[in-house]
Structures are given as structure tokens and as C-alpha cells.
Amino acid sequence: MQNEADFYRTNDTQSSGNGSAPRRNLGHIAAVVAGVTIAGYGVRKKSPAIVALGLAGGGALFFRRELGKLAGNTISSLGTSTDDAVAREYHVEKSIVINQTPEALYKFWRDLENLPRFIENLESVNPLDERRSHWVVKGPGNTTVEWDAEIFNEKENELIAWRSLAGRAEVTNAGSIHFEKAPDGRGSKVSVTLNYNPPGGKPAVLLAKLFGDEPGQLIELNLRRLKRLVETGEIPTIEGQSSGRVADSEPKRKENKVASKTPVKALAAGASEEVA
Amino acid sequence: MKALCWYGKYDVRVEDVPEPTILNPRDAVIKVTSTAICGSDLHLYDGYIPTMKKGDILGHEFMGEVVDVGSAITNLKMGDRVVVPFTIACGNCFFCERGLWSACDNSNPDPRIAEKLYGYSGSGLFGYSHMMGGYAGGQAEYVRVPFADVGPIKIPDGVPDEKVLFLSDIFPTGYMAAENCNIQRGDTVAVWGCGPVGQFAIKSAYLLGAERVIAIDDNADRLRLAAEEGKAETINFAKEDVYDRLKAMTGGLGPDSCIDAVGLEAHGHTLDALYDRAKAALYLTTDRLHALRQAIYACRKGGTISIPGVYGGLLDKFPFGAAFGKGLTFRMGQTHVHKYLQPLLDLVIEGHIDPSFVITHRLSLADAAEGYKTFKNKPEECFKVILKPGVNGNGHALSH
């Protein structure tokens, strides 16, 4: 049992190392969504600079192998299950406390089809079998980026770890999500670890940091969206509200993806008595 | 629909804008029957609050009838009369569960600006800049209310709008300011600023058991209201030295608690006030804190400074040594409105207080821009403006 000081010790870190051993063993490495975090850069932002950045990053996705060759790198093989090496160029850890039990959160996340409800630009996740799933992420313009991933380690109510599979993987990534009970009934601490090899490599990430839009921040954003969806049943928004701006009112929502599905509270209720 | 929109410093206009719709399952849409201009709206009008966007609909004090609800709303039905708190709270997060409604962790759609400035973001607010969530406000014919199962309080038939409208902000804000003073039997409470919040703080301090309340302002009409309505003793800071006078009135002890109901646009006639004004004019500082400085000096040892007045940025020449040297307690922050709605509505219904005493101007929503101008430029006659969306504007006040 951890003490509280330990529990709240910040472990939000971000590091990079070229080819050095992963900072955590495979059991703690996992997967989220490098594609989600990177491929969508260009679409959401109005700033031309960020759009350009997005296109650069998104374009790089499709020329990954070429860039890899140019850089004398073997990005395409890193982090896939066919190789001992894993996604290791960048390592991100983010965590958030959510007012819900680990059991309910685990159950919610393990139903992978819930993920697009709060991960921005994630179009769909379709389970292929118990372990494998197919991911589709919106890229720049009308493009999509797709890959297959597998859950290679999980512990009920505690941990889910997954990685992209070789072959169809457009983005090499591996990550994990960890659910821990917070002290004194204060919900759970949810920690995400992501290791990935960014399309476009280090320069793209540095450039992205400059504009405040890099995977660490996007993971934070998506964790916050998860927290909000799970705690309140919706993700607060002002998109589509009234204003006196003539041409440029808040962009209209195409559909309310949150509202159109089963309320989260009902889902979570199955796993927890603490649901409000 | 018609709505009062912000376009820049001293530039607000009533425009035709799209009607609000339900965007989330816990939303409601309210047809506004009464709304008010708040003193803190003047901070927006004066251009003091960053992250406003041209076209933002203002207004955070409003009430009306429910005309639409989202799929998750079961506590409200069409036609219900409700008052809506200006703070938006989810009711589910760590903070809401502890009654810290204005610290709601979830209601600000984009908390990143506030996090950069403050470390963490407070709750979303209606009509009060994008740092505070960018929610469209209620100086409009209709308004969208998020988390409508948590915020709005139903008003029984027969209780007129004017008696309950101020439950949305200024009455709870004045009340919480007094509550934050932790008033003990025999206490003297000094209140800087006799605007509407100050007036409610005065009345609330007595309701909470204060022995004496001393009101401080330089506006004779406001002081008169504080004396006649609030039963406060008064100090005109344009004519008397506040510290000397307070010391004399309390037998050298100083007030037990001091309430700063002025906030970031304090004005005064002493050197430090002129210095603040010069710096603010040059945009070297955002907040002028003359009243707060005076309160800190005047407060008795071990006393409490309660701050309902709004501050937004950095304070210059803040007398921290005095605060430390006397062991003062500071209580402040946006009002946890949700917590006060029912008890204060009960006080109104039971006749302990009639909040409508602050109203001086009743205008049509169509004349809202004129209302801001009058409120800004004629503080001697214009104390509190309420706007009626349902009434045709004719360029004249409905009544005074």
C-alpha cells in the first residue's frame, strides 16, 4: 500500500532517448494513440502555422518509410511485435484523478469502442478478437490513418497495455493505462504511459511543442475529456452556442457523439456503487 | 433572438443572433424573463478582463422559464420558473461534492488559459470571457444552461422576479462575503464599497449576528442606502481618513472583519490610489487595490479580510507585511452560489429580506447598451439595472 505522498508524487514526465532501453518494462508499456495525437494536428487549428505543422506531420505519416530511410532510421520496425525493440524515441507519462472507482474506469476503457467518445480525432476502434483491435484516426483533410493493435498485458481493474502490430501499423506506438484507487474514497488515479516514434521524428515534435500541441498535451487533454465524460456523463462544450459573431460563430458540431450513445453513468453503474 | 453582445471597450450592442439549442444531455434552454447588469459586467465594459471575443453575449444574472431540456434532464419541465447561478457546476467532481461549486473541475470547456494564469481553473461562468469558459450569457431572450439538473432553482408561483433575480449572483455573493467573516457575537464588520454586493454584505452581516456594520464609500447616495436600508454606520472616504475613523469608532481595536466589496477597479483619493491609476492606465498592472490595502491596514489583529470584489491579475504594492504582522485571515473567491440558493430563497419567501431594494432602473433588453452607458457614467443615480427581454424598447427607461 502506497502512502499518500507517494500517491500524489508527480509522475508526469516526458523524455526521449535514441535507442536507449525503455524506461519501463513491457508490462508497464502500452498504447495509446500516437496517430491520434499527431495525425490530427492540422485539422483542428485555425492558425496557418499549426495547419502547416499538421500537414507536415500528417504527410510524414504517409512517407514514414521514406523519411525513415532518409534519416537512416528504421522507424518502421520499431515498436512492433515482430521486433524486440519497441517504440522508444519518445516516452510520455500523464495522470489524472477521476472521481470514479478503478473497477468502473477499467470496465469503461476495456470496452474499446468507448474510446472514440472522448479521444479527439479517433474515428473508431473495432475489436477484431479478445486481444486485437483495428484503429482508425482522422488525418489531415479527409484522410485517415489506420492500424491494428493488440492488448498484450492486462490485469483486471488495474492495467491495460497494448501496442501497434507490424504490417498495418502506420504509427509505431505502445502504451499502457493504469488504474489505482485514490486515498480516502477520492476516486482513482489514472496514469497513461505512451512510447512512440513520431512521424517526422524529433523535429516535428519540437516544432509542435513550440505551438503547444504535442502528444503529452494531447494525452492530457484526452484524459481530461475522459474524466469529464465519466464524471458528468458529457463533455462540456460551447461549440455551436449563440454569439454575435457573424461569419465565425463557434464551429457547429456535426453530431453529438457523446449524447447519441448510452449514458456513461449507466455503463459505469454496472461496475460501481459510487456512481452519483 | 436579441442579445447584448460585447465588441470591445465601451462597445456593447443588442444584436440579432441565433437562438441557443441543446448541445449536451444535461442542458436546458431558458426563456429569459429578467436579467441584470452586474458591477462586474462593467469590468468587461471597461476592457479590464482579458480573453473576451467580439460578439460574446454578456450577462450572468438572469432568470426565466424553461423552454427546452436535454435528454438527461428530469428535474425540470417546460414552463418551470428558475433562477440560474452565474457559476456553472457539474455536481459530480471532487470540488462540487465538497460544496466548492465555483471551483467545479469540469464546467470550463477549455481550462488551459486559466491554468496558465492561475495554476488551475475555476468553474465556467456565464458571459464572462473565454478564460472562464466562454459560455454565452443571459442578457438575451434565450440562454443555454449547462448542467441544468444541478444549477437552476425553481421559484414558486407568486414570488415576483425582482425579489429572486439576485439569487443568481449578488445576494449570495454578499452573503458569502459575510459568512466568510466568521462573525462572532459583538463583532464589528467594515464593508468597503456600497454597491449592490456591499449592500447585501451589510444586510447579511447583520443576519449572521454582527453587532455593528460600518459602510465605506465616497458616494453619498450609496452611503444613504447603506444607512437607511442596511442600518449601517457610514464613512465617506472622500471626506474622512478611513483608518483614523475606524480606529476611533472601535475604541482603537479596529474592525474584527473587513469586506472588500470593491475589487479590481478601486478608486480613491490618496497617493497610492493615484499611483495605481497611473499604472493601470499604462497597462503596467491590471488591478487597482486601494480599498484592499486600506482594509488590511485597518483590520484588527487576528481579524479576517473577506474579498467578494473581483480581482483578475497581479496586485502591486500589496501590504503583505501588515497582513503577516497582524496574523490576518483571508477568505475570497467566486461565490459558491449553488450552496446558498435554497437558504436565501427561504429568507426571501419568509420575508426576512427583499432584495429588490437595490433596483433603480428597469429597461427593455433592447435598451441594454444604453443601460451600460448609464450604469457606467451615472453611478450617483444608477445603482442596479434590470433588463426585461419581453418588453419593447423605446429608448426610455421603463421606470426609475
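Start in chain B of this predicted model and select strand 1, residues 2-8, together with strand 4 of chain B: the two pair in the antiparallel sense over two bridges. To find one contact point between them, pick Cys5(B), whose bridge partner in strand 4 is Ile57(B).

Next, add strand 2 of chain B to the selection. The open sheet now on display has three strands in the order 2-1-4, with antiparallel pairing. Strand 2 (11-16) and strand 4 (56-57) of chain B are the edge strands; each has a single partner strand, so one side of each lacks a neighbour in the sheet.

Now select helix 13 of chain B, residues 368-377. Helix 13 packs on this sheet and touches strand 1 and strand 2 of chain B. Its direction makes about 165° with that of strand 2 of chain B.

Move on to the other sheet, also in chain B. Select strands 13, 12, 11, 14, 15 and 16, which in that order form an open sheet of six strands with parallel pairing. At its edges stand strand 13 (233-236) and strand 16 (329-332) of chain B; each of these has a single partner strand, so one side of each is left without a neighbour in the sheet. Look along the sheet to see the turn: neighbouring strands are rotated by 20° against each other on average, direction ignored.

Finally, keep strand 11 (residues 188-192) and strand 12 (residues 212-217) of chain B and hide the rest. These two run parallel and are joined by five bridges. Which residue of strand 12 is the bridge partner of Val191(B)? Select Ala215(B), which is that partner.

Methods
Residues are numbered from 1 along each chain as its sequence is written. Chains are lettered from A and ligands numbered from 1 in the order in which they are written. This is a predicted model: local features need pLDDT of at least 70, side-chain atom pairs count only at pLDDT 80 or more; totals for chains, interfaces and linings use all residues. Two strands pair if DSSP finds at least two bridges between them. Helices (H or I, at least four residues) and strands (E, at least two) are DSSP runs, numbered from the N terminus. Axes are lines fitted to C-alpha atoms, for helices over the stretch in contact, and angles run from 0 to 180 degrees between N-to-C directions. Two residues are in contact if their C-beta atoms, placed from the backbone, lie within 7 Å.
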